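I opened the model to look up its salt bridges, its helix packing and its surface. My entries follow in the order of looking.

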Amino acid sequence: MLHNEFAGQNCSAARALEVVGERWTLLIVRDLLHGPRRFADLEQSLAIAKNVLVARLEKLQSVGVIEAVPYDQARGWKRYQLTRMGTDLLPVISALMAWGDTYFAPEGPPLLYEHACGHIASPQVVCERCGEAVRYGTVRSVPGPGAEDVTAAEHSSTTTPSR
């Protein structure tokens, strides 16, 4: 994982990777999107070491991606559910799965997402104005409202992200 200080990293992708950049994290979220909710079920489904699962669940809970909900008070057992922040990762996971399906699944996709209308959903990034698909070569990077002043950043050894 990246370090927790964003010195020189005024980048939302870097910040997001602090939360979901570790290999098991998105797999845990993927499972919570469509399957197991209890610790033992996640452990079995992912074939993950208990200490790793505990650490990832604690991290996801501490940043607000999941919440633990008690379901057996006597035993202290909990089930995990995604918060809105967690469910908002569906397009990310769907896009990553589609990329994997294209390049690493010669037998075909092992999992598909079916939309409420009954058709298979495919991830797309589209222009919010014209609705056309966004592809490499059709976009360019421009400073956003959280961009640092380049001139000030060049003259200062310490920069503070504005977000």
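Entry 1: a salt bridge to start with. I looked up Asp41 and found its side chain meeting that of Arg38 in a salt bridge, 3.0 Å from N to O. I note that this is a predicted model. Asp41 has a relative accessible area of 26%, so I list Asp41 as partly exposed. Arg38 is at 33%, and I list Arg38 as partly exposed too, because the class runs from 20% to 50%.

Entry 2: the other salt bridges. I asked how many salt bridges the structure holds. The count is five. One of them joins Arg56 and Glu22, with 2.7 Å between the closest N and O atoms. This pair links distant parts of the chain: Arg56 sits in helix 4, Glu22 sits in the loop between helix 1 and helix 2, and 34 residues separate them. I then checked cover for each partner. Glu22 is at 14% relative accessibility and therefore counts as buried, while Arg56, with a relative accessible area of 21%, is partly exposed. The cut-off for buried is under 20%, so Arg56 falls outside that class.

I also looked up Arg30 and Asp31, whose side chains form a salt bridge at 2.9 Å, N to O. Asp31 is buried at 3% relative accessibility. Arg30 is partly exposed, at 24% relative accessible area.

Entry 3: the whole chain. I stepped back for the totals. The protein chain has seven helices and two strands, and the order along the sequence is α-α-α-α-β-β-α-α-α. Of its 163 residues, 21% count as buried. The exposed area is about 11,800 Å², and carbon and sulfur atoms supply 54% of it. Among contacts with a separation of 6 or more, 36% are between residues 24 or more positions apart.

Entry 4: helix 2 against helix 4. I looked up the geometry of this pair. The two axes come within 10 Å and cross at roughly 75°. That angle makes helix 2 roughly perpendicular to helix 4, because 65 to 115 degrees is the range for that class. On the helix 2 side the contacts come from Trp24, Thr25, Ile28 and Val29. On the helix 4 side they come from Val52, Leu53, Arg56, Leu57 and Leu60. Arg56 thus appears in my notes twice, here in the helix contact and above in the salt bridge with Glu22.

I picked Thr25 from this set. Is Thr25 buried or exposed? Thr25 has a relative accessible area of 2% and is buried. Not counting residues up to four places away in sequence, Thr25 touches Val19, Val20, Arg56 and Leu60.

Entry 5: helix 1. Helix 1 covers residues 12-20, and I noted its buried residues as Ala14, Arg15, Glu18, Val19 and Val20. I asked what covers them. The cover includes helix 2 and helix 4. Val19 and Val20 are both among the contacts of Thr25, and Thr25 lies in helix 2.

Entry 6: helix 2 against helix 6. Helix 2 spans residues 23-34, and its axis is 10 Å from that of helix 6, at an angle of about 110°. Helix 2 and helix 6 are therefore roughly perpendicular to each other. Leu26, Val29, Arg30 and Leu33 in helix 2 meet Leu90, Ile93 and Leu96 in helix 6. Val29 is listed here and also in the contact with helix 4.

Entry 7: Leu89. I looked up where Leu89 is and found it in the loop between helix 5 and helix 6. Leu89 is buried, at 12% relative accessibility. Leaving aside neighbours within four places in sequence, Leu89 is in contact with Val20, Val29 and Val65. Leu89 and Val65 are 24 residues apart in sequence, and their C-alpha atoms are 9.1 Å apart.

Entry 8: a surface patch. My last lookup was on the nonpolar surface. Leu96, Trp99, Tyr103 and Phe104 make a nonpolar patch of about 520 Å². Phe104 lies in helix 6, which runs over residues 90-104. Phe104 counts as exposed, at 58% relative accessibility, because the cut-off for exposed is over 50%. Leu96 is a member of the patch and is also among the helix 6 residues that meet helix 2.

Terms used
Residues are numbered from 1 along each chain as its sequence is written. This is a predicted model: local features need pLDDT of at least 70, side-chain atom pairs count only at pLDDT 80 or more; totals for chains, interfaces and linings use all residues. Side-chain values use heavy atoms; hydrogens and water are left out. Patches are made of residues with over 30% relative accessible area and no salt bridge: like charges are joined within 9 Å, nonpolar side chains (Val, Leu, Ile, Met, Phe, Trp, Tyr) within 5 Å. Accessible areas come from the Shrake-Rupley method with a 1.4 Å probe; for residues, only the protein chains shown count as cover. A salt bridge is a side-chain nitrogen of Lys or Arg within 4 Å of a carboxyl oxygen of Asp or Glu. Helices (H or I, at least four residues) and strands (E, at least two) are DSSP runs, numbered from the N terminus. Buried means under 20% relative accessible area, exposed over 50%, partly exposed in between (1.4 Å probe, protein chains only). Axes are lines fitted to C-alpha atoms, for helices over the stretch in contact, and angles run from 0 to 180 degrees between N-to-C directions. Angles under 35 degrees count as roughly parallel, over 145 as roughly antiparallel, 65 to 115 as roughly perpendicular and the rest as oblique. Contact means heavy atoms within 4.5 Å.
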